[in-house]
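Biologist: I would like to go through the labels on this model one by one. For each, tell me the value and the cut-off behind it.

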Amino acid sequence: MPDSNILLDVITDDPRWGSWSESVLNACEGRGPVVINQVIFAEVSPPFSRLEDIRAFLAEGRVLLEELPWDA
């Protein structure tokens with residue numbers, strides 16, 4: 001599972017780390033679904049100006065959103 005920094009590099013197309021982070025994300029996708037919870041959602045949301053924009057990113061299917069169980 002990539003951390004939020006990997007996702008942020010991909011989301012923002014970071015000029016220094018974007019390509020490397022994209023390859024890491026691709027490798028993670030090759031192992032199975034990439035899933036984030038509410039905490040990671042909050043960490044990667046700042047580049048998006050609207051909730052609809054981050055939901056559109058998630059709708060692309062590269063990253064799935066699952067709720068963190070309250071027992072956790």
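Biologist: How many salt bridges does a search of the whole structure find?

Modeller: Three. Keep in mind that this is a predicted model.

Biologist: What makes Glu22 and Arg62 a salt bridge?

Modeller: The cut-off is 4 Å between a side-chain nitrogen of Lys or Arg and a carboxyl oxygen of Asp or Glu. Glu22 and Arg62 come to 2.8 Å, N to O, so the pair meets the definition. The two residues are 40 apart in sequence, with Glu22 in helix 2 and Arg62 in the loop between helix 4 and strand 2.

Biologist: What distance qualifies Glu29 and Arg62 as a salt bridge?

Modeller: Their side chains meet at 2.9 Å, N to O. Glu29 lies in helix 2 and Arg62 in the loop between helix 4 and strand 2, so this pair ties together parts that are 33 residues apart in sequence.

Biologist: And which residues form the salt bridge with Asp53 as a partner?

Modeller: Arg50 and Asp53, with 2.9 Å from N to O.

Biologist: Which residues do shared salt-bridge partners join into one network?

Modeller: Glu22, Glu29 and Arg62. Arg62 is in both the bridge to Glu22 and the bridge to Glu29.

Biologist: Why are Glu22 and Glu29 called partly exposed?

Modeller: Buried means under 20% and exposed over 50%, with partly exposed in between. Glu22 has a relative accessible area of 27%. Glu29 has 28%. Both values fall between the cut-offs, so both residues are partly exposed. The label also fits Arg50 at 49% and Asp53 at 25%.

Biologist: Asp9 also carries a charge. How do you know that Asp9 has no salt bridge?

Modeller: The nearest side chain of opposite charge, Arg16, is 9.3 Å away. The cut-off is 4 Å, so no bridge is counted. Asp9 is nevertheless buried, and its place is in helix 1, residues 4–12.

Biologist: What is Asp9 in contact with, leaving aside neighbours within four places in sequence?

Modeller: Asp14, Trp17, Gly18 and Ser21.

Biologist: Why does Ser21 count as buried?

Modeller: Its relative accessibility is 0%. The limit for buried is under 20%, so Ser21 qualifies. Ser21 sits in helix 2 and touches Ile6, Asp9 and Val10, not counting residues up to four places away.

Biologist: Now the rings. How many aromatic pairs does the count come to?

Modeller: Two. One of them is Trp17 with Trp20, at 5.9 Å centre to centre and 75° between the planes.

Biologist: Why is the pair of Trp17 and Trp20 called edge-to-face?

Modeller: Centres must lie within 6.5 Å, and planes over 60 degrees apart count as edge-to-face. At 5.9 Å and 75°, the pair passes on both, so the label follows. Trp17 is partly exposed at 42%, and Trp20 is partly exposed at 48%.

Biologist: What makes the pair of Phe48 and Phe57 tilted?

Modeller: The centres are 5.9 Å apart and the planes stand at 45°. Stacked needs under 30 degrees and edge-to-face over 60, so 45° is tilted. Phe48 counts as buried at 18%, and so does Phe57 at 13%.

Biologist: Phe57 belongs to helix 4. How do you know that the buried residues of helix 4 are on the same side?

Modeller: Ile54, Phe57 and Leu58 are buried there. They cover an arc of only 100° around the axis, which puts them on the same side of helix 4. On the other side, Glu52 and Ala59 are exposed.

Biologist: What do the buried residues of helix 4 pack against?

Modeller: Helix 1, strand 1, helix 3 and strand 2.

Biologist: Which residues touch the most other members of the largest nonpolar core?

Modeller: Leu7, Leu25, Ile36, Val44, Leu58 and Val63, out of 16 residues in that core. Helix 1, helix 2, strand 1, helix 3 and helix 4 each supply at least two residues. Helix 1 gives the most, with four.

Technical notes. Residues are numbered from 1 along each chain as its sequence is written. This is a predicted model: local features need pLDDT of at least 70, side-chain atom pairs count only at pLDDT 80 or more; totals for chains, interfaces and linings use all residues. Side-chain values use heavy atoms; hydrogens and water are left out. Buried means under 20% relative accessible area, exposed over 50%, partly exposed in between (1.4 Å probe, protein chains only). Lys and Arg count as positive and Asp and Glu as negative; His and the chain ends are not counted. Contact means heavy atoms within 4.5 Å. A nonpolar core is a set of buried Ala, Val, Leu, Ile, Met, Phe, Trp, Tyr and Cys residues joined through side-chain atoms within 4.5 Å. Rings of Phe, Tyr and Trp (its six-membered ring) pair if their centres lie within 6.5 Å; planes under 30 degrees apart count as stacked, over 60 as edge-to-face and the rest as tilted. The arc is that of the directions from the helix axis to the C-beta atoms.
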